[in-house]
Amino acid sequence: MQEACAHPLPLVPRDRCGSIMQMNDPAPALAFDDVSKRFGRVTAVDGVTLRVAAGEFLAIVGGSGSGKTTLLRLANRLIDADGGAVRVFGDDVRHLDPIALRRRIGYVFQSGGLFPHMTVADNIGITPHLVGTPAADIAARVDELIDLVRLDRGRHRDAFPHQLSGGERQRVGVARALAAKPRMVLLDEPFGALDPLTRDALGEDYRRLHRDLSLTTVMITHDMAEAVLLADRIAVMRGGRLLAQGNASDLAASEDPYVRALLRTPRRQAERLRDLLPPLADAAS
Ligand SMILES: Nc1ncnc2c1ncn2[C@@H]1O[C@H](COP(=O)(O)OP(=O)(O)OP(=O)(O)O)[C@@H](O)[C@H]1O
Ligand SMILES: [Mg+2]
């Protein structure tokens, strides 16, 4: 597997090596070295060491309050670490201007985070607007992004966030994160509150964008099944610590009872569904 993948992170599944092998950047896209963050008495992130290779899709899984959002926010200096170092494409983020750094990294917020008083087009174009991109170029980029995330220019371009469904809002969030052509995108539970079909479609669509745009992606999810289906590698957090990391097979081999419990649910569901769901009449198999 290592030879087939020729990649510094041998845990990436063989069939997903393609996008990563295009990248020959030796520095990891994102590196946490013994990083800690406290809020008063709460240690939200506790000595985490984790690397994300350029072109990799990493999912972070863990229960509520396990430190997932805090870890992501440390990457683009929405907050600063108390200890350890965070590097983005080799640069220690402490030496980078936070605003410039945030423009280099797309971020999809846990709550959606769209500006309610701004149209879809203005939400998507906010970063290009802030860096002084000419209006005509922004308009063209917005149209391109609306197509990319499979929204409808006619229906959605001038709509306000409250006029959209949850799934449409999340698509706008992804489009906005991609507006400044970042090499890395961080997504905080982007598909959490959606119905299963929309969630599945958005996940697959995002995976396609990740591949086609050669992105590095870090996505937080509560859902181990989603992580297994979408990501190259999974990091499991609990109580601010990184419990395990690797692909699904690596995690299945983990001795940690929490990691094992997390994997048990999707496996049980898959087994029950196989027994309960007859094949669809129009399915090929
Ligand atoms: N700004 C803050 N001030 C004080 N405590 C905070 C702050 N941000 C996070 N925390 C605490 O740090 C811990 C980790 O929070 P974090 O938001 O990273 O969790 P999470 O894993 O993203 O959870 P969820 O799945 O519910 O979003 C929690 O105990 C939380 O209460
Ligand atoms: Mg969170």
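In this predicted model, the buried residues of helix α3 are Lys-68, Thr-69, Thr-70, Leu-71, Leu-72, Leu-74 and Ala-75. Because 7 of its 8 residues are buried, α3 is largely enclosed by the rest of the structure. The same helix gives 3 residues to the shell around ligand 1, the largest share. The protein as a whole has 13 helices and 10 strands, and 39% of its 285 residues count as buried.

**Ligand 1 and helix α3**

- The residues that surround ligand 1 are Phe-39, Val-42, Ala-44, Gly-62, Ser-64, Gly-65, Ser-66, Gly-67, Lys-68, Thr-69, Thr-70 and Gln-110.
- Two elements, β2 (42-52) and α3 (68-75), give two or more residues to this shell.
- By residue class, the shell around ligand 1 holds 8 polar, 3 nonpolar and 1 charged residue.
- Just after α3, Arg-77 adopts a positive phi of about 60°.

**Helix α10**

- Helix α10 spans residues 196-212, 17 residues in total, and reaches 24 Å from its first C-alpha to its last, close to the 24 Å expected at 1.5 Å a residue.
- Its buried residues are Arg-199, Leu-202, Tyr-206 and His-210.
- These residues lie on the same side of α10, because they cover an arc of only 80° around the axis.
- Leu-197, Glu-204, Arg-208 and Asp-212 are exposed on the other side of α10.
- The packing partners of the buried residues of α10 are β3 (57-62), α9 (166-178) and β8 (216-221).
- Ser-214 follows α10 and has a positive phi, near 50°.

**Helix α9**

- Helix α9 has 13 residues and extends 19 Å from its first C-alpha to its last, close to the 18 Å expected at 1.5 Å a residue.
- With 10 of its 13 residues buried, α9 is largely enclosed by the rest of the structure.
- The buried residues of α9 are Glu-168, Gln-170, Arg-171, Val-172, Gly-173, Val-174, Ala-175, Arg-176, Ala-177 and Leu-178.

**Nonpolar core and long-range contacts**

- The largest nonpolar core has 68 residues, of which Ala-59, Ile-60, Ala-175 and Val-236 touch the most other members.
- In soluble globular proteins, nonpolar side chains tend to be buried together.
- Beyond its neighbours within four places in sequence, Ala-59 is in contact with Met-219, Thr-221, Ala-227, Leu-230, Ala-231 and Ile-234.
- Val-218, in strand β8, counts as buried because it has 25 C-beta neighbours inside 10 Å.
- The C-alpha atoms of Val-218 and Ala-59 are 5.7 Å apart in space, although the two residues are 159 apart in sequence.
- Not counting residues up to four places away in sequence, Val-218 touches Leu-30, Val-52, Leu-58, Ile-60, Leu-72 and Leu-186.
- For the protein overall, 67% of the contacts between residues at least 6 apart in sequence join residues at least 24 apart.

**Strand β1: Asp-33 and Asp-34**

- Asp-33 lies in strand β1 (residues 30-39) and is partly exposed, with 16 other C-beta atoms within 10 Å.
- Setting aside residues up to four places away in sequence, Asp-33 touches Thr-49, Gly-84 and Ala-85.
- Asp-33 is 54 residues from Arg-87 in sequence, and the two are 8.3 Å apart in space, C-alpha to C-alpha.
- Asp-34, also placed in strand β1, is exposed, with 12 other C-beta atoms within 10 Å.
- Although it is not a glycine, Asp-34 has a positive phi of about 50°.

**Glu-189 and backbone phi**

- Most residues other than glycine have a negative phi.
- Glu-189, not a glycine, nevertheless has a positive phi of about 45°.
- This residue, Glu-189, is found in the loop between β7 (184-188) and α10.
- Glu-189 counts as buried because it has 20 C-beta neighbours inside 10 Å, and 20 or more is the criterion for a buried residue.

Terms used: Residues are numbered from 1 along each chain as its sequence is written. Chains are lettered from A and ligands numbered from 1 in the order in which they are written. This is a predicted model: local features need pLDDT of at least 70, side-chain atom pairs count only at pLDDT 80 or more; totals for chains, interfaces and linings use all residues. A residue is near a molecule or strand if its C-beta atom, placed from the backbone, lies within 6 Å of it. Helices (H or I, at least four residues) and strands (E, at least two) are DSSP runs, numbered from the N terminus. Ala, Val, Leu, Ile, Met, Phe, Trp, Tyr, Cys and Pro count as nonpolar, Asp, Glu, Lys and Arg as charged, and the others, Gly among them, as polar. Two residues are in contact if their C-beta atoms, placed from the backbone, lie within 7 Å. The expected span of a helix is 1.5 Å times one less than its number of residues. The arc is that of the directions from the helix axis to the C-beta atoms. A nonpolar core is a set of buried Ala, Val, Leu, Ile, Met, Phe, Trp, Tyr and Cys residues joined through C-beta atoms within 7 Å.
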